[in-house]
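This report describes the fold, the surface and a few individual residues of one protein chain. Please keep the sequence and the model at hand while reading.

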Amino acid sequence: SIQEARTLAANAHAAQKLWAKASQEQVDRVCAAMAEAAFQASERLGRMASEETGYGYPEHKKIKNEFASRFLWQSIKDVRTVGVLRRDLEKRIVEIAWPMGVIAGLVPSTNPTSTAYFKVISAVKARDGIIIAPHPSAAKCTLEATRLLAQTAVQAGASSAAASAAASSTL
């Protein structure tokens, strides 16, 4: 419903404002933990995605989940997303990392869990909130993927309010 979308957006915005204050160390600790938990759940969620949607092969979904978790993290782990990124004294320019806010993450039925992993980990790294909107035929596996990421974020030290921005609710 329209009201549900408004409520999700307001909650995600409030949570994202908290997460925007996270340090680089906090962001990286939470993202690393989420990527590892997602990697460990790759087979289970790949099987769940294939069974729920009827698309693809569980082993292929597992590989995509692994890529969208650990391998994604390996490629972005050293990217700074907090504070001053660069100073150009000659041009008098200072680049400062700043989150954009709340992202709407549409998740297809073809690759629901790997897409959720990729979008959530990327958003959290940038200190943005994200609302995951799954395809109706992939709602259960997408919700399980985001639930795992949110739970892991809290266990890694994110507040439960900030974890709401990190993995947000699912429409």
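In which loop is Arg92 found? Arg92 is found in the loop between β1 (83–88) and β2 (93–97), and the section on backbone angles returns to this residue.

## Basis of the model

The model is a predicted one, in which local features need pLDDT of at least 70 and side-chain atom pairs count only at pLDDT 80 or more, while totals for chains, interfaces and linings use all residues. Residues are numbered from 1 along each chain as its sequence is written, and side-chain values use heavy atoms, with hydrogens and water left out.

## Fold and dimensions

The protein has seven helices and four strands, where helices (H or I, at least four residues) and strands (E, at least two) are DSSP runs numbered from the N terminus. Their order along the sequence is α-α-α-α-β-β-β-α-β-α-α.

The C-alpha trace spans about 55 × 35 × 30 Å along its principal axes. The radius of gyration of the protein is 16 Å, which agrees with the value near 16 Å for a compact globule of 171 residues; this radius is taken over C-alpha atoms, and the globule rule is 2.2 Å times the number of residues to the power 0.38. Among contacts (heavy atoms within 4.5 Å) between residues at least 6 apart in sequence, 78% join residues at least 24 apart.

## Surface, burial and cysteines

About 9000 Å² of the protein is exposed, and carbon and sulfur atoms supply 58% of that area, as computed by the Shrake-Rupley method with a 1.4 Å probe, for which only the protein chains shown count as cover for residues. Of the 171 residues, 46% are buried, where buried means under 20% relative accessible area, exposed over 50%, and partly exposed in between (1.4 Å probe, protein chains only).

Cys31 counts as buried because its relative accessibility is 0%, and Cys141 is likewise buried, with a relative accessible area of 0%. The structure holds zero disulfides, a disulfide being a pair of cysteine sulfur atoms within 2.5 Å.

## Two residues with positive phi

Most residues other than glycine have a negative phi. Arg92, however, has a positive phi near 60 degrees, and with 76% relative accessibility this loop residue counts as exposed.

Arg127, which is not a glycine either, has a positive phi of about 65 degrees and lies in the loop between α5 (112–125) and β4 (129–134). Arg127 counts as buried, because its relative accessibility is 3%.
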